[in-house]
Amino acid sequence: MPEILIRCPVTGKDVSTGVALPAEVFLVADFETYPVHCPHCGLEHPWDKGAAYLQVPPEREPSRPGPAR
Ligand SMILES: [Zn+2]
């Protein structure tokens, strides 16, 4: 099950929110948001659904090269 991640505004790294949901549930879910303790910078980051994204399992990444992110 994919985990919901946010991006650390300090280090730019992925931070797990500790919430895992099927993608179809994530799309329609409404979240109570709460700060996540960030293991990268040690701060707490508030987040909301607009800032969150699902971790894509590596085996489901498209194999063809896409635009650089
Ligand atoms: Zn952080």
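**Exercise 1.** Is Cys 8 buried or exposed?

*Solution.* The structure is a predicted model, in which local features need pLDDT of at least 70, side-chain atom pairs count only at pLDDT 80 or more, and totals for chains, interfaces and linings use all residues. Residues are numbered from 1 along each chain as its sequence is written, and side-chain values use heavy atoms, with hydrogens and water left out.

Step 1. Recall the cut-offs: buried means under 20% relative accessible area, exposed over 50%, and partly exposed in between, with a 1.4 Å probe and protein chains only.
Step 2. Cys 8 has a relative accessible area of 1%, so Cys 8 is buried.
Step 3. Apply the rule again: Cys 38 is buried because its relative accessible area is 1%, and His 45 counts as buried at 6% relative accessibility.

**Exercise 2.** State the order of the elements along the protein chain, and place His 45 among them.

*Solution.*
Step 1. Helices (H or I, at least four residues) and strands (E, at least two) are DSSP runs, numbered from the N terminus.
Step 2. The protein chain has 1 helix and 5 strands, in the order β-β-α-β-β-β from the N terminus on.
Step 3. His 45 lies in strand β4, which covers residues 44–45.

**Exercise 3.** Identify the donors of the zinc ion and the geometry that they form.

*Solution.*
Step 1. Donors are N, O and S atoms within 2.8 Å of the metal (3.2 Å for Na, K and Ca); water is not among the atoms, so sites may look incomplete.
Step 2. The protein donors are Cys 8 (SG), Cys 38 (SG), Cys 41 (SG) and His 45 (NE2), at 2.0 to 2.3 Å from the zinc ion.
Step 3. Along the chain, the donors follow the spacing C-x29-C-x2-C-x3-H. Cys 8, in the loop between β1 (3–7) and β2 (14–20), and Cys 38, in the loop between β3 (36–37) and β4, are 30 residues apart and link distant parts of the chain.
Step 4. Four donors count as tetrahedral if all angles lie between 85 and 135 degrees. The 4 donor atoms subtend angles of 103 to 118 degrees, and therefore the arrangement is tetrahedral.

**Exercise 4.** Describe the surroundings of Phe 26.

*Solution.*
Step 1. A nonpolar core is a set of buried Ala, Val, Leu, Ile, Met, Phe, Trp, Tyr and Cys residues joined through side-chain atoms within 4.5 Å.
Step 2. The largest nonpolar core has 12 residues, among them Phe 26, Cys 8 and Cys 38.
Step 3. Leaving aside residues up to four places away in sequence, Phe 26 touches (heavy atoms within 4.5 Å) Ile 4, Leu 21, Phe 31, Lys 49, Ala 52, Tyr 53 and Leu 54.

Note on methods
Tetrahedral: all angles 85-135°; square planar, octahedral: opposite > 155°, others 65-115°.
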